[in-house]
Amino acid sequence: MFDAALRAELVPTGRLRVSLNMANPVLAQSHTAPDKPAGVTIDLSRELARQLDVELDFLQWESPGDSVLALAGGVADVGYLAVDPKRAEQVQFTAPYVQIEACYMVGKNSHLQDLYEVDRPGVEVLVIETSAYDLYLTRNLQHASIMRLPTAEDVLQKLLRDTTGLSVAAGIKQALLAQAQRVGGLRLLDGHFMAIRQAMVLPRAIGANARAAVEAFLAEMVRGGFIAESLARHQIAGVTVIGAVSS
């Protein structure tokens, strides 16, 4: 799958430099592995490095925006992020391989009962800056305002300090559920406002042949059950593998 020319293009330094978005609690974390980092994107990276016959280095970022910049700036060779048209101005995406959900969470003072009540004047939506749902909500919210914060913990603390009942935390469903279970007094609004499609990410300079080789690698990881098995091994639930054949 990867000949010498493709290997040289994809791994110009001789070591696969992987940009990890550690803000994603579904794809870059594990509930079972003692070593860190761990998760499905780490497993995929190790398998890609094995097939390329190179060593690899993990570059860990707490912000998805920093992960994009690493790829766009030539600091990293491959990454894993949600597909978004704004990001596509700087990097290129493979076909998506998994889908996760973005939801809203409110505090005990909130009278909001439905996610369709969020987009109204006076409501403030709290997001992790440069996250996929930040980019999506920036394009789609018409009345509510957005407050961008550096980390998920910052979003949580701001929500807990709210006394108006008009603050709403946006985030990946699994992360919000974990926060609600840990803190108490928080609840998720029914449904999801966004389906987040996750893909592998390459620098824009990568050519069509090299990209096709990565696409073929990823398709085989889906088709052969590698991704589903990795998610199960790390006990990550609530993720849809795109293109997987059910047994």
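Which element gives the largest share of the lining of the largest pocket? Helix α6 does, with six residues. This is a predicted model, and its pockets make a good place to start.

## The largest pocket

The largest pocket holds about 620 Å³ of space. Its lining is made of 35 residues. Nearest the centre lie Ala 23, Asn 24, Pro 25, Ala 152 and Ala 175. Several elements each supply at least two lining residues. Among them are the strands β3 (78-82), β8 (167-172) and β10 (194-203). The helices α4 (132-140), α5 (152-161) and α6 (173-183) also belong to this group. By class, the lining has 21 nonpolar, 10 polar and four charged residues.

## The second largest pocket

The second largest pocket has a volume of about 190 Å³. Tyr 104, Tyr 116, Tyr 136 and Phe 193 are among the residues that line it. So are Leu 115, Leu 137 and Leu 141. Asp 119, Asn 140 and His 192 complete the lining. Helix α4 gives the most here, with three residues. The classes divide into seven nonpolar, two polar and one charged.

## An aromatic cluster

Three of these lining residues, Tyr 104, Tyr 136 and Phe 193, form one aromatic cluster. The model has two aromatic pairs. In one of them, the ring centres of Tyr 104 and Phe 193 are 4.3 Å apart. Their planes meet at 20 degrees, so the pair is stacked; the cut-off for stacking is under 30 degrees.

Where do Tyr 104 and Phe 193 lie? Tyr 104 is in strand β5 (residues 98-106), and Phe 193 is in the loop between β9 (187-188) and β10. The pair therefore ties together parts that are 89 residues apart in sequence. Tyr 104 and Phe 193 are both buried.

## Two residues with positive phi

Most residues other than glycine have a negative phi. Thr 130 has a positive value, and so has Gln 235. The table sets them side by side.

| Residue | Phi | Loop | Relative accessibility |
|---|---|---|---|
| Thr 130 | near 70 degrees | between β6 (124-128) and α4 | 26% |
| Gln 235 | about 55 degrees | between α8 (226-233) and β11 (240-241) | 53% |

Are these residues exposed or partly exposed? Thr 130 counts as partly exposed, because its relative accessibility is 26%. Gln 235 counts as exposed, because its value is 53%. The cut-off for exposed is over 50%.

Technical notes
Residues numbered from 1 in each chain as written. Predicted model: local features only at pLDDT ≥ 70, side-chain atom pairs only at ≥ 80, totals over all residues. Heavy atoms only, no water. 1 Å grid on protein atoms, 1.4 Å probe; cavity = no way out; pocket = protein on both sides within 12 Å on 5 of 7 lines; lining within 4 Å. Points joined across faces, edges and corners; volume = space filled by probe spheres on them. Helix = DSSP H or I, 4+ residues; strand = E, 2+ residues; numbered from the N terminus. Nonpolar A, V, L, I, M, F, W, Y, C, P; charged D, E, K, R; others polar. Buried < 20%, exposed > 50% of the residue type's maximum accessible area, 1.4 Å probe, protein only. Phe/Tyr/Trp six-rings, centres within 6.5 Å; stacked < 30°, edge-to-face > 60°.
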